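Dear colleague,

I am passing on the structure we spoke about, with the sequence alongside. Please have a look at it first, and then read my notes below.

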Amino acid sequence: LVEKLDPKDRYQVRSTSITESNIRAVLNGLMLEEVKVILARRTGVPTEKYTFFSDALEAITNSLQWLNDQAAHFRPRTPGYKEFHLTCAWEHISHYDLLPLHYANLKPIVEAVLENPIIQKTSPFVLKPKTKDLAK
């Protein structure tokens, strides 16, 4: 899809960089753990009572700390896949109030990415919900 629609790969989706791959792997794991906690809480599971969920939150915390230590590898002014990925993860954690976000190196990255015009145009908080035309 990227090869066809964005042959220049402006967002580094097809990057083979080891550093980039490691950052993406950590972000994928972090988001997997987010989903466990978010879905459980949304369905009324008392996540604070189960080690399974405290382990998930610890994994998120460890991932964020590792990413915070890798902040020099992010390019917030010319964001690509990993910057968008980080921003989505950060927004989930913030929106669902999963954990405090005290990561001094990551916060300015996310803030800069959120100012990007492509994010401004496509953020769920900007887009209007689609409505079905029931008359058809």
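How much accessible surface does the protein chain have, and what share of it belongs to carbon and sulfur atoms? The accessible surface comes to about 9,200 Å², and 57% of it belongs to carbon and sulfur atoms. Please keep in mind, as you read on, that this is a predicted model.

As for the overall build, the protein chain has 6 helices and 0 strands, so that reading from the N terminus the order of elements is α-α-α-α-α-α. The C-alpha trace spans about 55 × 50 × 25 Å along its principal axes, and of the 136 residues in the chain, 36% count as buried. When one takes the contacts between residues at least 6 apart in sequence, 65% of them join residues that are at least 24 apart.

Turning to charge, the protein chain carries 18 positive and 16 negative charges, and the mean positions of these two groups are 9 Å apart.

One residue that I looked at individually is Asp97, which is found in the loop that runs between α4 (81–95) and α5 (107–114). Asp97 counts as exposed because its relative accessibility is 61%, where the cut-off for exposed is over 50%. Although Asp97 and Ile38 are separated by 59 residues in sequence, their C-alpha atoms are 9.5 Å apart in space.

With best wishes

Methods. Residues are numbered from 1 along each chain as its sequence is written. This is a predicted model: local features need pLDDT of at least 70, side-chain atom pairs count only at pLDDT 80 or more; totals for chains, interfaces and linings use all residues. Side-chain values use heavy atoms; hydrogens and water are left out. Helices (H or I, at least four residues) and strands (E, at least two) are DSSP runs, numbered from the N terminus. Buried means under 20% relative accessible area, exposed over 50%, partly exposed in between (1.4 Å probe, protein chains only). Contact means heavy atoms within 4.5 Å. Accessible areas come from the Shrake-Rupley method with a 1.4 Å probe; for residues, only the protein chains shown count as cover. Lys and Arg count as positive and Asp and Glu as negative; His and the chain ends are not counted. The place of a charge is taken as NZ of Lys, CZ of Arg, CG of Asp or CD of Glu.
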